[in-house]
Amino acid sequence: MEKATETIPVSSHPTTLEKQWLNAVSPEDFIRNNKNFNSLMMKYRCAIREIQTKLEVLNDEFSVANQRNPISSIKSRIKTPASIYEKLRRKNLPFTEESIVKNLDDVAGIRVICPFIGDIYTMANLISSQDDITVLKIKDYIQKPKDNGYRSYHMIVEIPVFFSEGKAAMRAEIQIRTIGMDFWASLDHQLHYKKDISSLVDIASIEDELRRCAETVNLTDRHMEEIKDLIGDVKDI
């Protein structure tokens with residue numbers, strides 16, 4: 001999910017790409033008329049397909065061996081040009097194709113939704129064991145949740161993608177979370193990133209409620225894990 005756009009000051013010495021972005025009629029117009037940027041986004045889309053295929057294979061293999069799937073669903077997205085531009089500007093970095101590749105780890109994003117907390121770590125270990133995937137960074141927000149109650153397991157990975165002109169190492173962010181964590185995060189997103197919501201509701205009181213809900217979701221996830229362990233290896237959980 002993309003955050004709502006915000007006003008970011010133009011850099012004092014805009015790059016060619018930034019000028020093209022600022023002068024574009026629309027994001028679609030910018031993408032359509034910028035071959036290099038479009039080519040880079042294509043490479044990120046290909047990286048997502050490579051990772052998603054690996055996840056689907058691992059899910060199928062686990063299903064055959066254990067009679068259940070550790071993955072409930074897989075979602076993916078490419079950051080919008082506006083989001084890429086704003087993130088680079090907030091970091092005071094130039095808006096160029098080279099800067100995007102060097103400085104942003106989450107242009108390509110994959111979200112893996114699992115039934116149980118244990119499945120999150122199973123999938124993380126399976127991803128890490130792939131000999132062509134390099135894990136660059138891990139943030140475990142399950143063991144150490146964010147102050148607002150957010151829980152998820154984040155991995156920044158690099159994977160080789162083969163194109164006609166040669167191999168390119170592409171980075172992507174993989175977020176792994178339970179169904180409950182994903183449900184909670186979607187509500188938190190609506191609170192913080194929807195336009196004009198602050199004028200309609202008392203954000204502080206809702207944030208308190210969301211933190212309590214996050215703990216309830218966590219307790220429910222762990223209780224469900226205990227029930228699963230009590231049942232044992234049962235088909236179609």
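How many helices and strands are there in the protein? The predicted model holds 8 helices and 5 strands. Along the sequence, these elements follow the pattern α-α-α-β-α-α-β-α-β-β-β-α-α. The protein has 237 residues, and buried residues make up 41% of them.

The packing of two helices was examined next. Helix 3 spans residues 35–66, and helix 6 spans residues 117–128. Their axes come within 11 Å. The two axes cross at roughly 120°. Angles of 65 to 115 degrees count as roughly perpendicular, and those over 145 as roughly antiparallel. Helix 3 and helix 6 are therefore oblique to each other. The crossing of helix 3 past helix 6 is right-handed.

Two loop residues stand out by their backbone angles. Most residues other than glycine have a negative phi. Gln67 has a positive phi, near 60°, and is not a glycine. Gln67 sits in the loop between helix 3 and strand 1, the strand of residues 73–78. Its relative accessible area is 36%. Partly exposed residues lie between the 20% and 50% limits, so Gln67 is partly exposed.

Asn92 also departs from glycine in identity, yet its phi is positive, at about 60°. Asn92 belongs to the loop that lies between helix 4 (81–90) and helix 5 (97–103). Is Asn92 buried or exposed? With a relative accessible area of 63%, Asn92 is exposed, because the cut-off for that class is over 50%.

A strand residue gives a view of the interior. Ile156 is part of strand 4, which runs over residues 153–163. The relative accessibility of Ile156 is 8%. Buried means under 20%, so Ile156 counts as buried. Which distance separates the C-alpha atoms of Ile156 and Val135? These atoms are 6.1 Å apart. Along the chain, Ile156 and Val135 are 21 residues apart.

The surface was considered last. Met224, Ile227 and Ile231 form a nonpolar patch there. Together, these three residues have about 250 Å² of accessible area. Ile231 lies in helix 8, which covers residues 203–231. Why can Ile231 belong to such a patch? Patch residues need over 30% relative accessible area. Ile231 has 48%, so this residue passes that cut-off. At 48%, Ile231 is partly exposed. Ile156 in strand 4, by contrast, is buried at 8%.

Notes:
Residues numbered from 1 in each chain as written. Predicted model: local features only at pLDDT ≥ 70, side-chain atom pairs only at ≥ 80, totals over all residues. Heavy atoms only, no water. Patch = residues over 30% accessible without salt bridge, like charges linked within 9 Å, V, L, I, M, F, W, Y side chains within 5 Å. Areas by Shrake-Rupley, 256 points an atom, 1.4 Å probe, with all protein chains shown as cover. Salt bridge = Lys/Arg side-chain N within 4 Å of Asp/Glu carboxyl O. Helix = DSSP H or I, 4+ residues; strand = E, 2+ residues; numbered from the N terminus. Buried < 20%, exposed > 50% of the residue type's maximum accessible area, 1.4 Å probe, protein only. Axes fitted to C-alpha atoms, helices over the stretch in contact; angles between N-to-C directions. Parallel < 35°, antiparallel > 145°, perpendicular 65-115°, else oblique. Left-handed = near helix turned anticlockwise from the far one by under 90°.
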